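Please take a moment to look over the chain before reading on. The paragraphs below begin with the whole chain and then turn to two of its parts.

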Amino acid sequence: MTAEPGAMRLDVISPQRAPITERIAPQWREPLAQLALAWAVIFLLFAPDWAEMALQWWDSSTYNHILLVPAILVWLVWQRAGELAKLSPRTWWPGLVPLAGALFIWLLGDISGLATATHLGVVLALQALVLTMLGPRVSWALLFPLCYGLFLVPLGDELVPALQMITAEITIALTMASGIPAHIEGVFIDTPAGLFEVAEACSGVKFLIAMVALGTLVAHVGFTSWRRRAGFMALAVVIPVLANGVRAWGTIYIAQSQGVAFAAGFDHIIYGWVFFALVMGLLLGIAWKFFDRGVTTPFVSAERIAALSIFEKMERRDTDGWRVLAAVAAITLFTLAWSAKAQSLEAAVPDELVLPEVGGWTQVMPDHAHSWQPHAGGADRKQTVSYRDEQGRVIDVVFAVYANQSEGREAGAFGQGALPAESDWRWLSATISPDGVAGERIQALGTYRRVAETWYRLGNWSGGSTLSLKLVTMRDRLLLRAQPATMLIISAEERTGEDSTQTIADFRSSTAGLDQWMDRAVGVD
């Protein structure tokens, strides 16, 4: 609008689109907004699970590397941005099926106290939403970033026992090859300089899972040949395991001349920071000359993806994005409601535990050569009793009852059972009783030892497998069925001239049916 001189002048300013929006291809703007809303639903409604994962990334040195994964994912998508802009995303309602599957995995973990399943479920839900809101064609272009997102899930602690044993075997082999007399028993290595333990922190799991995450990224970015990728990934797994064995051997070797205290400090400073950095550099150095991907070679080709006829058939099932978004919210709320109902179930438990008598055994006061207090955190009822037979053999029994299995109050959870955390007791080796039952031998201060068997019972099932317990718990919670879960630890101190595994087996046989004995303790006929 213009006016005569001296009069007020008004200029009509047309609204301007934000620069960031202008950079987004027109066909992408609405689908991206819908995906952002769908992700917001998952982040907000499952905020406790995301917070729990983030705390593990920050607090646990095993998972510190995951803090870099979100930035890596952004970078991977950015590398494909140019080709993605040439594609047209389409809402694909069949993607609701894998979304429901992901939320079902979360549900199984939530109702059974299996954090790994809940973490995996929410990450898979984000991936399924990409497929749902952007369609299969775009998801194919984003296949590697989507798969790499699984590294957000804190996994790896499950490998610790196996890695401890592998490290111990490598260490003892190198120790004896270097002329140092040594004796190994389980994860303990006895040398002239002292007794060394391949503890959980020395298993090498931290370096291994970080190297697998790094190796996966390098294999994708640096190679196009699947054979070279497979060979590099094999090295990314084998080299850190072998290097950790060398690290443990180096600590023992130095301790022989410089003392245990000096070797321990040297291990944490030199080996902990410098050694593994050199190993990582060595691995990348070996791979460098075999890289076959050109610097300007695109990771995906929009033209090739657009030409695939299979996507034309799949995209016939596209639908309105806002309707699909409403379905996403409905499926999520239904899953949360199911979980809330299952979590509210509480089984009846006795006001007081009274362990039944055992034929040929008499209850006595506990008298341990070294303090031993198994952990049964969150149990609604707990009883600790010792039994002695006519031969003077003593059995220690810990019996715990759980009215509901949830986070912080679950039988078979990590840190629960015969091996109390933050104590003098350490895992030594596995055991097998004369009647074939698996147990474990634990040791304190290199002197005190005991054998323990852990049993669980839920409904009509009993056994020593924590995985089976989780599966039975999932079944009952899905069926909205409340039954008490029990944990029984039977243990005996190792004494000269006495086979502890036989003592435990004899005690079990004297109960005239361990399942029925456990049921009687909680008042089940």
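In what follows, Lys and Arg count as positive and Asp and Glu as negative, while His and the chain ends are left out of the count. With charges assigned in that way, the chain holds 38 positive and 48 negative charges, and the mean positions of the two sets are 12 Å apart. The model is a predicted one, and every value given here is computed from it.

Seen as a whole, the C-alpha atoms of the chain fill a box of roughly 115 × 60 × 60 Å, taken along the principal axes, and the secondary structure comes to 19 helices and 11 strands. The chain has 525 residues, of which 46% count as buried, and it exposes about 26600 Å², with carbon and sulfur atoms supplying 62% of that area. Among the contacts between residues at least 6 apart in sequence, 73% join residues that are at least 24 apart.

One part to follow is an open sheet of 3 strands, in the order E1-E2-E3, whose pairing is antiparallel. Strand E1 (183-185) and strand E3 (194-197) stand at the edges of this sheet and have a single partner strand each, so one side of each is left without a neighbour in the sheet. From one strand to the next, the twist averages 20°. The pairing of E1 with strand E2 (residues 188-191) is in the antiparallel sense and extends over 3 bridges, and Glu 185 stands opposite Phe 188 in E2. Helix H10 (residues 160-177) lies across E1 and E2, and the helix runs at about 170° to E1.

Further along the chain, how many of the residues of strand E11 (residues 485-493) are buried? The count is 9 of the 9, where buried means under 20% relative accessible area, and strand E11 is therefore largely enclosed by the rest of the structure. Both faces of E11 are covered, for Ala 485, Met 487, Ile 489, Ser 491 and Glu 493 on one side, and Thr 486, Leu 488, Ile 490 and Ala 492 on the other, are all buried.

E11 also has partner strands. Strand E6 (residues 394-402) runs antiparallel to E11 and is joined to it by 7 bridges, with Val 397 standing opposite Ile 490 in E11. Strand E9 (residues 448-458) is likewise antiparallel to E11, and here 9 bridges join the two; the bridge partner of Arg 450 in E11 is Glu 493, a residue that belongs to the buried set on one side of the strand.

Methods. Residues are numbered from 1 along each chain as its sequence is written. This is a predicted model: local features need pLDDT of at least 70, side-chain atom pairs count only at pLDDT 80 or more; totals for chains, interfaces and linings use all residues. Side-chain values use heavy atoms; hydrogens and water are left out. Two strands pair if DSSP finds at least two bridges between them. Helices (H or I, at least four residues) and strands (E, at least two) are DSSP runs, numbered from the N terminus. Axes are lines fitted to C-alpha atoms, for helices over the stretch in contact, and angles run from 0 to 180 degrees between N-to-C directions. Contact means heavy atoms within 4.5 Å. Buried means under 20% relative accessible area, exposed over 50%, partly exposed in between (1.4 Å probe, protein chains only). Accessible areas come from the Shrake-Rupley method with a 1.4 Å probe; for residues, only the protein chains shown count as cover. The place of a charge is taken as NZ of Lys, CZ of Arg, CG of Asp or CD of Glu.
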